[in-house]
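Open the model in your viewer and switch to a cartoon view. Keep the sequence panel at hand for making selections.

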Amino acid sequence: QIADERVYSDFSLNLPVKNEGVTLVKGVISVTGEYAIYPVCEGKIDKVEKQSDGSYTVTVKNSDNFSSVIEGADLVYFSAGDSVNRNVPVCHTKDKASVYLYDNGTLLTDYAAVENTIVFNK
């Protein structure tokens, strides 16, 4: 198997929902309200974990280096190992969810929302 060495800046990233319900603070994309949540880009579901409060945490592996984590889903549409893309929602939240972007396990914080995309500050 060939290693996927792409890093976060190699991807074209979209916000997980349209701009209205999103805030971005210190690397945490917060979604408030009832929404279908989309992956920020193509990838594969790495794991789906049920939390003690009944919500789900979904980890999407976008490459060997880059991953995204969605916390606060009440319904998940995919299982571990499934491929996802930015045009199909991966989960749903009734109330609120948080999305985190990781580079080799380190939380990325130096980015902004521009229209419905994610732009990294250089």
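How much space lies in the largest pocket? About 170 Å³. Keep in mind throughout that this is a predicted model.

**Stop 1: the largest pocket**

Select Asp4, then Gly43, Lys44, Ile45 and Asp46. Add Lys61, Asn62, Ser63 and Asp64. Finish with Ser83 and Val84. Together these residues line the largest pocket.

Now colour the lining by class. Five residues are charged, four are polar and two are nonpolar.

Which strand gives the largest share of the lining? Strand 5, with four residues. Show strand 5 (43-50) and strand 9 (83-84) as cartoon: each supplies at least two lining residues.

**Stop 2: strand 11 and its partners**

Select residues 96-103, which make up strand 11. Next add residues 28-32, strand 3. The two strands run antiparallel and are joined by five bridges. To find the register, pick Thr32 in one and Lys96 in strand 11: they stand opposite each other.

Add residues 66-73, strand 7. How many bridges join strand 7 to strand 11? Six, and here too the strands run antiparallel. Use Ser67 as a marker; its bridge partner in strand 11 is Tyr102.

Stay on Tyr102. This residue also stands opposite Leu107 in strand 12. Strand 12 covers residues 106-107 and pairs with strand 11 in the antiparallel sense, over two bridges.

Follow the chain through the turn of this hairpin. Two residues lie between strand 11 and strand 12. Check the backbone of Asn104: its phi is positive, near 50 degrees.

**Stop 3: Leu107**

Centre on Leu107, in strand 12. Which residues does Leu107 touch, leaving aside those up to four places away in sequence? Lys26 and Gly27 on one stretch of chain, and Tyr100, Leu101 and Tyr102 on another.

Turn on a surface. Leu107 counts as partly exposed because its relative accessibility is 30%, and that class runs from 20% to 50%.

For a sense of scale, draw a distance from the C-alpha of Leu107 to the C-alpha of Lys47. The separation is 18 Å, for two residues 60 places apart along the chain.

**Stop 4: the 4-10-8 sheet**

Select residues 35-37 and 75-76, strand 4 and strand 8. Add residues 91-93, strand 10. These three strands form an open sheet in the order 4-10-8, with antiparallel pairing. Which strands are at the edges? Strand 4 and strand 8, each pairing on one side only.

Zoom in on strand 4 and strand 10. Three bridges link them in the antiparallel sense. Pick Ile37: its bridge partner in strand 10 is Cys91.

While side chains are shown, look along the strands. In a regular strand, side chains alternate between the two faces of the sheet.

**Stop 5: the 1-14-13 sheet**

Last, select residues 13-14 and 111-114, strand 1 and strand 13. Add residues 117-120, strand 14. This is another open sheet of three strands, antiparallel, in the order 1-14-13. Strand 1 and strand 13 are the edge strands, with a partner on one side only.

How many bridges join strand 13 to strand 14? Four, and the two run antiparallel. Finish by selecting Ala112 and Val119: Ala112 stands opposite Val119 in strand 14.

Definitions and conventions. Residues numbered from 1 in each chain as written. Predicted model: local features only at pLDDT ≥ 70, side-chain atom pairs only at ≥ 80, totals over all residues. Heavy atoms only, no water. Pairing = 2+ DSSP bridges. Buried < 20%, exposed > 50% of the residue type's maximum accessible area, 1.4 Å probe, protein only. Contact = heavy atoms within 4.5 Å. 1 Å grid on protein atoms, 1.4 Å probe; cavity = no way out; pocket = protein on both sides within 12 Å on 5 of 7 lines; lining within 4 Å. Points joined across faces, edges and corners; volume = space filled by probe spheres on them. Nonpolar A, V, L, I, M, F, W, Y, C, P; charged D, E, K, R; others polar.
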